[in-house]
Amino acid sequence: MIHLVDTKNGGTDLLNSIISDICVLLNDLIFSMIINPRFKFNIRKIDVIDHFSVYSNTSKKAIRITIETNNRPLLLGQLLYLPHNSLHGFYNFYYCGYLEGYLRHKYGSSYSKKFFIVIDVCETKNCFNETWEYLLLDEALDKGIISKTSDLYAVMRKYELNYILIGGSSISGPSVDMIDCLEKLYGNYSFKKVLDLFSGTGSLSKVCIVLGAEYAECVDANTSVISNNLGDKAKYCRILCENAFSYEPKKRFDLVILEPFYDQSLEVAERLLPKFAGRIKWFLFNISGKRYQCWCSLVCETIKRKANIIKIFEGKTSMIVFGNYE
Ligand SMILES: C[S@@+](CC[C@H](N)C(=O)[O-])C[C@H]1O[C@@H](n2cnc3c(N)ncnc32)[C@H](O)[C@@H]1O
């Protein structure tokens, strides 16, 4: 239920119309960005406040949207694993920018001369704090996050994978494209010892073991579901809860699998790839969604300065690079 506290400023009709637009837009936007079924939010209040600028000594009205949620960091994008120079909490700017763009387009100067948007977020009592969350396959089916006719479901059944990793608006693991790549590569190569960095659910390690690896080392900042997901393959694996960027391999590996979040891939190419030269022969690196062509080219150029690219796999959704250091 929304309480409009002040309708005097700027004209009631315009304001009421803007407010009903905001409610619809913001609901759609947030639910399209956050698919976690536990996440809840509610627009508690929309009011109009005065905002004074010390830079111009002028005053403007701000439409303040007060949102109540059971996961503030998730709503604001504050706990994402980002490269060291990225901005945490940027979702707030994104929501405001999106709403303002729409309203400016719809209401023209009558809107933009009078108002701008402020989003104020508070937490409800029953909050949870995870940003990235593991869901059991059955729960993901139940909530409609994946369907039984999907490639992801097929591949998870094939390798008896139990968990998906969700964050934001997407499923971050396991990756159908990476599994497809590993199946192709194991047809021609024999990677016995595998290092699985940013291993998430540990699914890629499990796939490697099924395909012929003797040992896999899973490294991730959150290792909570890996051993459960590995099942009887856990005896061939070591699980390390560590920061992938500071991890130092203690043994020799044949292949390093790198599947960071897309935003991290440039940093991985710059900092992590060179670290393994002389110690690990092959790498398989999921660099980005293939729709991000420009970003993919940038990461590929960076890889080429440090290593050899043998093949670029264009998967259904991702761009994956297979290479070596020789
Ligand atoms: C795209 S997901 C990887 C999915 C995984 N390959 C799978 O099959 O489930 C990225 C993973 O990187 C992990 N991560 C991000 N930054 C990290 C860091 N600095 N150190 C260790 N793990 C990190 C996250 O916890 C997440 O599990």
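**View 1. F253 stands opposite I280 of strand β12 in this predicted model.** The two residues belong to a pair of neighbouring strands. Strand β11 covers residues 253-258, and strand β12 covers residues 280-289. β11 and β12 pair in the parallel sense. Their pairing runs over 5 bridges.

**View 2. Seven-stranded sheet: 7 strands form an open sheet with mixed pairing.** The strand order is β10-β9-β8-β11-β12-β14-β13. Here β11 sits between β8 and β12. At the edges are β10 (237-241) and β13 (308-314). Each of these edge strands pairs on one side only. On average, neighbouring strands of this sheet are turned by 15 degrees against each other, with direction ignored.

**View 3. Helix α7 packs on the seven-stranded sheet.** Helix α7 spans residues 176-186. Three strands are touched by α7: β12, β13 and β14. Of these, β14 covers residues 318-324. The direction of α7 makes about 35 degrees with that of β14. One of the touched strands, β13, is an edge strand of the sheet.

**View 4. Helices α7 and α8 cross at roughly 25 degrees.** Helix α8 spans residues 203-211. The axes of α7 and α8 come within 10 Å. Angles under 35 degrees count as roughly parallel, and α7 and α8 are therefore roughly parallel to each other. The crossing of α7 past α8 is right-handed.

**View 5. Side by side: the residues that make the contact between α7 and α8.** From α7 come M178, I179, L182, E183 and Y186. From α8 come L204, V207, C208 and L211. By class, the contact has 8 nonpolar residues and 1 charged residue. No polar residue takes part. The charged residue is E183 of α7.

**View 6. Three-stranded sheet: 3 strands form an open sheet in the order β5-β6-β7.** The pairing is antiparallel. The edge strands are β5 (133-136) and β7 (170-173). Each of the two pairs on one side only. From one strand to the next, the twist averages 45 degrees.

**View 7. I166 stands opposite I171 in strand β7.** This view shows the pairing of β6 with β7. Strand β6 covers residues 163-167. β6 and β7 pair in the antiparallel sense over 3 bridges. In the sheet order, β6 lies between β5 and β7.

Terms used: Residues numbered from 1 in each chain as written. Predicted model: local features only at pLDDT ≥ 70, side-chain atom pairs only at ≥ 80, totals over all residues. Pairing = 2+ DSSP bridges. Helix = DSSP H or I, 4+ residues; strand = E, 2+ residues; numbered from the N terminus. Axes fitted to C-alpha atoms, helices over the stretch in contact; angles between N-to-C directions. Contact = placed C-beta atoms within 7 Å. Parallel < 35°, antiparallel > 145°, perpendicular 65-115°, else oblique. Left-handed = near helix turned anticlockwise from the far one by under 90°.
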